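Colleague: Could you take me closely through one part of this model, the place where the two chains meet, and then set it against what lies inside each chain? I would like one connected account.

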Amino acid sequence: MTMKIDFSFSSQYGTFSDALVLEDNHAFTNAEIEAMKQQRFDNWIAMITAPSVEETPIEEV
Amino acid sequence: MADRYWILGTGTWDSTSTTNWSASSGGAGGASVPTASDNVYFDANSNVLATAFTVTMANSPRVCNDFTASGLDGTMTLAGTSIGLTVSGSLTFQATNFSRTYTGTTTFNATTTGKTVTTNGVGFGSGVIFNGVGGAWALGSALQLTGGSLTLTNGTLDLDGKTLTTGFRFATDTGTKNLTFNGGTLVCQLAGANSFTNPAPTGFTTTAGTGTGTISLTSGSAKTFNGAGSTFNCTLNQGGAGALTITGSNTFSNITNTRKSVSATSILFTAATTSTFADWNASGESTRLLTIGSVTAASHTLSKASGTVSADFLSISRSTATGGAGWYAGANSTDGGNNSGWIFTAPPAPTATGNFLMFF
């Protein structure tokens, strides 16, 4: 079974809304969970502030 | 429908090898390779002790019904070069001990409702397609495409209050498709002509659901929202420094400019189009004006049926404001010429009579 922790951050790019879906018996501390939330937000900011380039089609095998 | 559990750690998920598949968690190998109707599981018994392991997909596309990575006690990497993954049910990635390196299209093709997509912070590196007639998927967590476009062809994609970020573009394709927000946000990062593109508007609908949904275009370079005349039951947001061009005669619930807290920017409309808004909340700030104009040297039309637009710090040109609402640009806005319908003052304060009546 899993539990879901919804969270969101506001930024100049708009609101980032996400959820941590963890197992009910997870061993994460509150501090670790907060760090995971921050990491998700930091990763998102890094993604949307990276220079965007045109997509290169992938020819699948 | 059968369940298939990965065992023995590192191995290849191809179309023939049964070495790594078991009918039970940690059971004997030799079970058949999963089909599109089988659920696949990667769990604490998928590896040897708690070691890291890699599942390399081959023979595109690999298929399954539900894809579940949960309970992993060693880091699993889902790999494969130019290999696709087609999921006919729901998908769940574990928040920790899971990574994805495969490059190829991920397709969701369920034809029934009630499916979920929970990537738990793991981004897709290539394109993602939702294409299931009658299918419906809700996001269980934010969804990020670090590379590739998201294409909505058939079915209902419910953001369910989460943020969906496309590394390239959001696009529609021929089919019956719906984008539901329920308070969620679609972020389009791509610069250029088709950051959001709607080449197949027939059969495309949007649903607000609960809360306020948003489509935010965030590129620091010029980008285009190609709405193709559809109705967008959400807020369109200018979220980046690059000029936002809106093509087509579209209908929006609202328009905003979150970039105003950082810099000046522009929202440009295609000449001879009519953009209809239920609300208008796009303004600039002092020293950071928001330019409203046309892409070419001809006018566009903005329409709002009733109420009052109360903007400020706009620089407006070639803009016809109409529809019945009072279009107040604000006392700090600039008339750049060739405008009609805009009132370059603040809206009148509520009357004492009005306040008196409201009191009773």
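**Core and contact surface**

Modeller: In this predicted model, a useful place to begin is B:F42, which, leaving out residues up to four places away in sequence, touches B:W6, B:W13, B:W21, B:V55, B:F67, B:T68, B:A69, B:S70, B:L72 and B:M76. B:F42 is also named, with B:W13, B:F67 and B:W280, among the residues that have the most contacts inside the largest nonpolar core, a set of 73 residues. Strand β14 of chain B, residues 128-139, gives the most to this core, with 4 residues. Apart from it lies another core, of 13 residues, which includes A:I5, A:F7, A:F41 and A:I48. In soluble globular proteins, nonpolar side chains tend to be buried together.

Turning to the place where the chains meet, 47 residues of chain B are in contact with 30 residues of chain A, and the two chains bury about 2700 Å² between them, with 50% of that area on carbon and sulfur atoms. Between chain B and chain A there are 10 residue pairs in polar contact, both residues being at pLDDT 80 or more. On the side of chain B that touches chain A, β15 (143-145), β17 (163-166) and β20 (185-188) each supply at least two residues, and the largest share, 3 residues, comes from β17(B). By class, this side of chain B has 9 nonpolar, 35 polar and 3 charged residues.

The count of salt bridges between chain B and chain A is 1, and it is formed by A:D6 and B:K162, whose closest N and O atoms are 3.8 Å apart. A search of the whole structure finds 4 salt bridges over all chains. The pair that crosses between chains runs from A:D6, in strand β1 (residues 2-11) of chain A, to B:K162, in the loop between β16 (150-158) and β17 of chain B. B:K162 counts as buried because its relative accessible area is 4%, which is under 20%.

Within chain A, A:R40 forms a salt bridge with A:D18, the closest N and O atoms being 2.8 Å apart. This pair links distant parts of the chain, since A:R40 lies in helix α1 and A:D18 in strand β2 (residues 14-23), 22 residues apart. A:R40 is buried, at 7% relative accessible area, and A:D18 is buried too, at 2%.

In chain B, the side chains of B:E285 and B:R288 meet in a salt bridge at 2.7 Å, N to O. B:E285 is partly exposed, at 27%, and B:R288 is partly exposed, at 22%.

Note on methods: Residues are numbered from 1 along each chain as its sequence is written. Chains are lettered from A and ligands numbered from 1 in the order in which they are written. This is a predicted model: local features need pLDDT of at least 70, side-chain atom pairs count only at pLDDT 80 or more; totals for chains, interfaces and linings use all residues. Side-chain values use heavy atoms; hydrogens and water are left out. Contact means heavy atoms within 4.5 Å. Buried area is the accessible area (1.4 Å probe) that two parts lose on being put together, summed over both. A polar contact is a pair of N or O atoms within 3.5 Å; within protein, one must be able to donate a hydrogen and the other to accept it, and residues adjacent in sequence count only if both atoms are side-chain atoms. Ala, Val, Leu, Ile, Met, Phe, Trp, Tyr, Cys and Pro count as nonpolar, Asp, Glu, Lys and Arg as charged, and the others, Gly among them, as polar. A nonpolar core is a set of buried Ala, Val, Leu, Ile, Met, Phe, Trp, Tyr and Cys residues joined through side-chain atoms within 4.5 Å. Buried means under 20% relative accessible area, exposed over 50%, partly exposed in between (1.4 Å probe, protein chains only).
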